[in-house]
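Colleague: Could you take me on a close look at one part of this model? I'd love a connected picture of a single residue and what surrounds it.

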Amino acid sequence: GSGELSIKTNEGIEKLIAQKIAYNKSLKTIKGYKIQLYYGSEQGAYSLKDKFNKLYPEIPAKLIFNTPDWKIQVGNYYTKLQADHDIVQLKIDFPGAIVIAADIDIAEN
């Protein structure tokens, strides 16, 4: 049959929900996964990033310097399953690729 639903809320709850929404909109990164392709010298990092960008222009790539090594991390994956899906293809061209937990950029997804 049909019925009627009435929801009563507290003003404090509405305020908390609004604060949470505003906070979520302010976030630039969240916890997720990336695929790391490289860890080593600066020259090797730049060379590999250029190769990656030519082969996979649709996947964002970041060059990261963490003394004394350089890293190439690609993609922004919300789940490990998403990263595991892409790594199968990437390992063909980059056999050393691994999935890592990382902060991912919300704006790039």
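Colleague: Which residues does isoleucine 35 touch, leaving out those up to four places away in sequence, and what is the setting around them?

Modeller: Happy to, and please keep in mind that this is a predicted model. Isoleucine 35 touches Ile72, Gln73, Val74 and Tyr77, then Ala83, Asp86, Ile87 and Leu90, and also Ala97, Ile98 and Val99. To place these contacts, start with the strands. Strand 1 covers residues 29-40 and strand 3 covers residues 69-77; the two run antiparallel and are joined by 6 bridges. One residue from that contact list also has a bridge partner to point out: isoleucine 72, in strand 3, is paired this way with tyrosine 38.

Now step back to the sheet. It is open, with 4 strands in the order 2-3-1-4 and antiparallel pairing. Its edges are strand 2 (61-66) and strand 4 (98-105), each of which pairs on one side only. On average, neighbouring strands here are turned by 40° against each other, direction ignored.

Next comes the helix. Helix 3, residues 80-93, lies across strand 1, strand 3 and strand 4, and runs at about 25° to strand 1.

Finally, look at the packing. The largest nonpolar core has 18 residues, and Ile35 is among those with the most contacts inside it, along with Leu37, Phe52, Ile72, Val74 and Phe94. At least two residues of this core come from each of strand 1, helix 2 (42-55), strand 3 and helix 3. Strand 3 gives the most, with 4 residues. As general background, nonpolar side chains in soluble globular proteins tend to be buried together.

Note on methods: Residues are numbered from 1 along each chain as its sequence is written. This is a predicted model: local features need pLDDT of at least 70, side-chain atom pairs count only at pLDDT 80 or more; totals for chains, interfaces and linings use all residues. Side-chain values use heavy atoms; hydrogens and water are left out. Two strands pair if DSSP finds at least two bridges between them. Axes are lines fitted to C-alpha atoms, for helices over the stretch in contact, and angles run from 0 to 180 degrees between N-to-C directions. Contact means heavy atoms within 4.5 Å. A nonpolar core is a set of buried Ala, Val, Leu, Ile, Met, Phe, Trp, Tyr and Cys residues joined through side-chain atoms within 4.5 Å. Buried means under 20% relative accessible area, exposed over 50%, partly exposed in between (1.4 Å probe, protein chains only).
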